[in-house]
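These are my notebook entries on a structure that I consulted for the first time. I set down what I looked up, entry by entry.

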Amino acid sequence: MMTTASAHCSLGVNARFHENSRHFPSKLESSSVNFHSNGDFFKISFNPCSASSIFFKGCVGRICALPEIGDEFLEKPQTPILDTIESPMHLKNLSHKEMKQLADDIRSELSFIMKETQKSVKASMSVVELTIAIHRVFSAPLDKILWDVGEQTYAHKILTGRRSVMHTLRQKDGISGYTSRSESEFDPFGAGHGCNSISAGLGMAIARDFKGKRDRVVAVISNETTMAGQLYEAMSNAGYLDSDMVVILNDSRQSLHPKLEEAPKTPINALSSALSKLQSSKLFRKWREVAKGLTKRIGKGMYEWAAKVDEYARGMIGPPGSTLFEELGLYYIGPVDGHNIEDLICVLNQVASLDSTGPVLVHVITKVDKEVRDGKQIGISNKYKEDPYESDSQPSSRTETYSDRLAQALTMEAQIDKDIMVVHAGMGIDPSLKLFQEKFPDRLFDVGMAEQHAVTFSAGLSCGGLKPFCIIPSTFLQRAYDQVVHDVDRQKIPVRFVIPSAGLVGSDGPTKCGAFDITFMSCLPNMIVMAPSDEVELANMVATASCIDDRPICFRYPRGAIVKPNSSICHGVPIEIGKGRVLVEGKDIALLGYGDMVQNCLRAHSLLSELGIEVTVADARFCKPLDIKLVRQLCENHSFLITVEEGSIGGFGSHVAQFITLDGKLDGSIKWRPIVLPDNYVEQASPMEQLSLAGLTGHHIAATALSLLGRTREALLLMC
């Protein structure tokens with residue numbers, strides 16, 4: 001319910017909050033508020049964790065965020081059952097009817113969180129009943145519950161004591177958008193890029209067996225992560241080691257099939273429900289083990305024949321592909337309706353009650369657009385649908401991003417050169433690439449979370465005479481580094497790597513931060529490494545990469561909006577390899593920026609100009625090969641040189657340092673300072689907050705310059 005507030009408000013507040021606390025204080029020491037509107041009386045207290053206030057109407061206790069006068073009040077929904085849950089133990093005594101109501105309460109809560117934080121909760125909406133059933137049957141944190149995908153864990157966080165701080169989700173000093181060992185004892189392992197839960201869970205299961213403990217291990221995977229090779233490696237090893245653990249496949253009917261309506265679907269009906277319960281029952285499992293033992297005694301031939309009959313029969317009643325898990329050594333149960341709490345609890349109870357049965361996989365079917373039971377849709381608007389490239393650096397009104405310009409540049413190049421192909425890997429395809437996909441549907445390959453395959457597949461395309469652009473976000477490219485080294489760089493195969501989401505990524509924090517690509521790509525002997533300073537340079541680098549046919553090449557770009565929103569779209573012009581450029585000339589100090597940090601160097605130039613300091617700003621363009629002529633020129637014409645990059649130690653600045661050291665420039669009068677990302681993981685915050693924490697803003701660069709010039713007091717004043 002939304003209520004417009006247009007009223008006179010008089011406040012008299014004297015409240016002191018707990019310092020350095022991320023949680024609500026138990027009470028305010030003193031506060032008084034008078035607010036009248038249309039005859040109603042309102043009472044307001046303030047939330048110390050947020051700039052927004054908490055709004056109470058009368059004595060009912062309905063909580064809403066308090067906006068500016070004239071804005072709308074966002075009323076928090078009633079959640080009577082959820083209000084009684086403080087830990088998973090409180091689920092044990094709920095009736096089935098109450099658990100269904102709890103599912104609706106959680107969806108209402110998630111919807112409110114989505115509207116309050118502007119963050120997508122779509123993935124978590126689909127696993128509400130599954131989360132309730134898991135915590136009803138298993139006893140966390142004694143039992144270990146691991147998740148592959150962090151975005152599916154918001155219901156888990158709500159049920160495990162973090163409901164009161166969910167409004168800080170993916171904000172500075174708030175709770176993580178992923179599972180985090182440092183955040184809660186209910187998160188035994190961190191979920192980041194997916195596909196790690198079975199491997200980690202198996203390790204915990206073996207450690208449990210080795211120490212003689214009896215806790216249970218549950219790993220929840222999704223069909224998005226089933227494209228990753230590590231998952232099958234872990235399943236195969238789990239089948240071989242035969243340690244007890246439960247793997248739950250949350251199948252939300254996601255698919256790489258270009259037409260989802262034509263993709264095969266697993267049926268859920270009364271028969272499948274009955275068969276799943278039968279498969280998980282203790283009597284059936286014991287009978288199956290007895291039958292195995294008898295056929296072994298009769299002889300190897302009889303045992304193998306019976307195993308084939310068992311596999312054939314289970315393949316007949318199970319969905320397509322179910323025997324794959326059996327071949328890997330996991331006992332398959334399913335499919336189970338992921339929104340039927342009774343069926344979920346029944347199957348999981350029977351699975352949990354079995355001892356010494358080895359790894360079990362429970363196949364659960366869910367819907368990403370699940371509605372509440374009264375038919376009223378919980379607010380999943382198109383604006384907040386799950387987007388793996390979601391970033392708070394992108395304004396709410398649609399502004400062109402670097403990814404948009406990349407898609408436009410690739411499309412222009414592909415219209416001229418029919419050999420250009422695009423290979424994409426990572427968690428979901430960038431929506432901007434739909435432009436290319438619509439024009440060239442046969443020339444774009446989305447392989448999902450199969451980064452290793454994407455790199456070697458691109459190498460194969462190149463060997464076949466095509467020009468592949470392999471697009472993998474920086475943090476996901478780390479998983480394919482061996483293939484980059486041996487399948488591409490060592491063989492000098494011309495694969496063109498496009499590295500989006502490079503540098504800091506705002507609310508995604510360190511999990512998807514692209515801090516290391518400059519370092520690990522520039523150390524490869526045959527790799528050309530570039531970074532554009534703006535959208536025009538991005539188009540030029542696409543054209544440059546298209547022309548290179550004798551070695552691999554890569555370029556990175558950040559998340560977020562382009563530098564010049566109204567700039568025209570033009571065809572890229574190839575850049576001379578290893579050639580930087582000077583943007584502004586001065587005499588006092590030189591700023592050599594790499595990539596989008598050139599823009600912050602220009603901001604620093606503006607600040608320093610106001611103080612009468614003449615600054616040279618240069619755009620390096622290339623980390624490798626380095627423009628040594630430009631670096632020499634900057635060293636010879638200035639007494640101070642500062643290199644700036646949004647990457648880790650060992651990147652662009654290290655290449656500059658290597659050259660000026662060997663060239664003897666550091667033996668003379670030049671003083672050099674690098675500005676890089678700090679040697680720690682930068683936690684989630686807004687993009688500007690992260691840049692400030694990392695010391696990469698224009699003000700930080702200008703302050704560094706002032707310190708080098710001996711104007712320390714002005715440097716301190718600039719940072720105040």
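**Entry 1. Strand S23 and its neighbours.** I began with S23, which runs parallel to strand S24 (residues 671-675) and is joined to S24 by five bridges. I looked up one pair: leucine 641 has tryptophan 672 of S24 as its bridge partner. Between the two strands the chain passes through helix H21 (residues 652-662), and this β-α-β crossover from S23 to S24 is right-handed. I note here that the model is a predicted one.

S23 also pairs with strand S20 (residues 589-593), in the parallel sense and over four bridges. In this pairing, glycine 593 has valine 644 of S23 as its bridge partner.

I then asked how many of the residues of S23 are buried. I found that five of its five residues (640-644) are, and the strand is mostly covered. Phe640, Ile642 and Val644 point one way, Leu641 and Thr643 point the other way, and all are buried.

**Entry 2. The chain as a whole.** I next turned to the totals. The protein chain has 720 residues, of which 53% count as buried. Its secondary structure comprises 24 helices and 24 strands. Among contacts with a separation of 6 or more, 75% are between residues 24 or more positions apart. I recorded an exposed area of about 32,000 Å², with 53% of it supplied by carbon and sulfur atoms.

**Entry 3. The nonpolar cores.** Which residues touch the most other members of the largest nonpolar core? I found Phe497, Met521 and Leu592, in a core of 73 residues. I followed phenylalanine 497 further: leaving aside residues up to four places away in sequence, its contacts include Val455, Cys470, Leu477, Met521, Ile553 and Phe555. Apart from this core lies another, of 51 residues, and I listed Ala103, Val127, Tyr331 and Ala352 among them.

**Entry 4. An open sheet of five strands.** I looked up the strand order of this sheet and found S8-S9-S10-S12-S11, with parallel pairing. Strand S8 (144-147) and strand S11 (331-337) are the edge strands, each pairing on one side only. From one strand to the next the twist averages 20°.

Within the sheet, strand S10 (residues 245-251) and strand S12 (residues 359-365) run parallel and are joined by seven bridges. Valine 246 has valine 360 in S12 as its bridge partner. Helix H5 (residues 197-211) packs on the sheet, where it touches S8, strand S9 (217-222) and S10. The direction of H5 makes about 170° with that of S9.

**Entry 5. Helix H3.** Why is helix H3 (residues 128-137) described as largely enclosed by the rest of the structure? The description holds because nine of its ten residues are buried. I noted several of the buried residues, including Val128, Glu129, Leu130, Thr131 and His135.

In the loop between H3 and S8 I found proline 141. A cis peptide bond joins alanine 140 to proline 141, with omega about 5°.

**Entry 6. A second cis bond, and arginine 621.** Lysine 624 and proline 625 are also joined by a cis peptide bond, with omega about -5°. Proline 625 is in the loop between S22 and helix H20 (628-637).

I then located arginine 621 in the loop between strand S21 (615-619) and strand S22 (622-624). Is arginine 621 buried or exposed? I record arginine 621 as buried because its relative accessibility is 12%, and buried means under 20%. Leaving aside residues up to four places away in sequence, arginine 621 touches residues including Val529, Glu537, Ile575, Lys579, Arg581 and Tyr594.

**Entry 7. Two residues with positive phi.** Aspartate 242 is not a glycine, yet its phi is positive, near 60°. I placed aspartate 242 in the loop between helix H6 (229-241) and S10. With 47% relative accessibility, aspartate 242 counts as partly exposed.

Serine 501, likewise not a glycine, has a positive phi of about 50°. I found serine 501 in the loop between strand S16 (496-499) and helix H17 (517-522). At 7% relative accessibility, serine 501 counts as buried.

Technical notes
Residues are numbered from 1 along each chain as its sequence is written. This is a predicted model: local features need pLDDT of at least 70, side-chain atom pairs count only at pLDDT 80 or more; totals for chains, interfaces and linings use all residues. Side-chain values use heavy atoms; hydrogens and water are left out. Buried means under 20% relative accessible area, exposed over 50%, partly exposed in between (1.4 Å probe, protein chains only). Contact means heavy atoms within 4.5 Å. Accessible areas come from the Shrake-Rupley method with a 1.4 Å probe; for residues, only the protein chains shown count as cover. A nonpolar core is a set of buried Ala, Val, Leu, Ile, Met, Phe, Trp, Tyr and Cys residues joined through side-chain atoms within 4.5 Å. Two strands pair if DSSP finds at least two bridges between them. Axes are lines fitted to C-alpha atoms, for helices over the stretch in contact, and angles run from 0 to 180 degrees between N-to-C directions. A crossover is right-handed if, with the strands pointing away from the viewer, the path from the first strand over the helix to the second runs clockwise.
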